[in-house]
Amino acid sequence: MHTPNTARRELLKLGSMGLAAAAATAAPFAYAATKPSATFPAGAIFDVRTYGAVGDGKTVDSPAINKAIEAAASVGGGTVYFPAGTWLSFSIRLKSHVNLHLSQGATILSADSPKPGETTGYNGGTYDAAEPNDPWTPYQDYGHNHWHNSLIWGEGINDVSITGPGLIWGKGLSRGTRSSAIAGAPGFLAEQAGVGNKAIALKNCRNVLFRDFSLLKGGHFGFLLTGVDNLTIDNITIDTDRDGMDIDCCRNVRVSNCYVNSPWDDGICPKSSYALGYARATENMTITNCYVSGIYELGTFLDGTFKKFAPDFKVPRNGRIKCGTESNGGFKNITISNCVVEGSRGIALESVDGALCEDIAISNITMRDVVSAPFFFRLGARLRGPKETTKTGTLRRVLVDNVSSFNTVSHISSIISGIPNYPIQDLKLSNIYIHHQGGGTAEHAKIVIPEGIDLYPDPQRFGTDTPSQGFFLRHINNLEMSHVEVQPATPDARPSFYLDGINRADFIAVTAPTSPAAFALNKVTDLRIAISRAAKDTQLATADNQSL
């Protein structure tokens, strides 16, 4: 089995030998001979070699790269060009109206950060210092509060892009220093000075484009994009050991045609934290034509060998599309469509820090080998934010249509749960096929799951098993499920639909095993079941501690 370290060594060998050789023999780029000057035309090409970059994988090139960026910005903008080579770097500072173009065979390689107890990293260098973000730092994990301590960063800039078929390799970046946090959730401590924490980080920017490049081992975040408006992320391939992309407090966003392998953390992760000092929604966002996974060894997703982890290799296999966990500002007008999910957790919507999570459409999704909860929709009250303003939010007007989930691990079913007095509202699920491994027992069917009102939102926080094999449904007003099928591969002694605290529910043309009974009803009002193979046509004003 390839380990992450051997995969990285192989890629580094390619970067330091083949790519450097290519750079040494490459013909000079057409614009490279043009020296920068006060009259250098806007929109021209700025070859990083002109400013002293070497591209041998040993020389620190970030000073030369930053000079090229400054030269382009000084004349109104242009393209900073990276020919084939390995461009070893500490922090690269983006500026407005500048495009970084990574040609085929070009790798921006992050230099090694300072080791614990040391003040400098590779060749005496460091990444830019993490800027202060007080008093907002307590309301989200450390990495969300800082942008400058990154391989590539920008703040308050506009009309900026990174394009081209090259590679960004965060070899020298930190994955984050783990600690305990609120309600037992994983948290992360401050990094020591000089350590790089992210591959690409932007704050308060607009008109941003990322297209066509690949990202290997992106640090704590491959992308951390906070307060970025008019954002396009297209045809990006990410192979990493933490979050793929975090899109936080952003408006007018398109994520399309992307491939993300992130077994140790989330793949595509919209958030709405308090990092900007106020609650700002992520809204008007489309995620489409993407593939997310949590099953491939680091590096093998990019090199095309696609080596899956051994079954007994312990890795979280996250890799999912998730709105949350940070959820102060909310998620509004979100579409997730035409995506493939493999060997990871499913799709999650989370409002636990006061978010108004509403008007969301999820459609045309195929899932295979999901490790828990194909759907995890959670309205809770962790309320990590300023106490005087952070109140329980909403999760409402969510439509899910045309979803197939095959060979799901059966211990934890889909979970859709509000909390007492704060139900999820107006939820419609249609044309859904859930195939799972089965094997749940009669003892599992008796499990009573605690409310966990203030817990970190994650399927595993509900326990190791759910009392349902298809859907665990709790605290919902106005639920409609139509043409939904639950199919176990082996017999399962749990009901397919477990309802608790549900008001007005319609089940139309649903299919599920009838032995045991398909429905477990607790504190349910206004229930209708029609033209279904899971139960006879039924209309009940109230039902409690009842099976159908």
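Two strands count as paired if DSSP finds at least two bridges between them. Strands themselves are DSSP runs of E, at least two residues long, and they are numbered from the N terminus.

What you see here is a predicted model, where local features need pLDDT of at least 70, side-chain atom pairs count only at pLDDT 80 or more, and totals for chains, interfaces and linings use all residues. Residues are numbered from 1 along each chain as its sequence is written, and side-chain values use heavy atoms, with hydrogens and water left out.

I will start with strand β33. β33 pairs with strand β34, residues 538–543, in the antiparallel sense, over five bridges. Within that pairing, L527 has L540 in β34 as its bridge partner.

Next, strand β32, residues 497–508. β32 and β33, residues 519–530, are parallel and share ten bridges. One pair to find on your screen is D506 with its bridge partner R528 in β33.

There is also strand β35, residues 546–547. β35 runs antiparallel to β33, and two bridges join them. Here A520 is opposite S547.

Now the cysteines. How many disulfides does the structure hold? Zero, where a disulfide means a pair of cysteine sulfur atoms within 2.5 Å. Why is C258 not bonded? Because the closest cysteine sulfur, in C290, is 4.7 Å from its own, too far for a bond. C339 is in no disulfide either: the nearest cysteine sulfur, again that of C290, is 4.8 Å away.

Last, accessibility. C258 counts as buried (under 20% relative accessible area, with a 1.4 Å probe and protein chains only) because its value is 0%. C339 is at 2%, so C339 counts as buried too.

Conventions: Helix = DSSP H or I, 4+ residues; strand = E, 2+ residues; numbered from the N terminus. Buried < 20%, exposed > 50% of the residue type's maximum accessible area, 1.4 Å probe, protein only.
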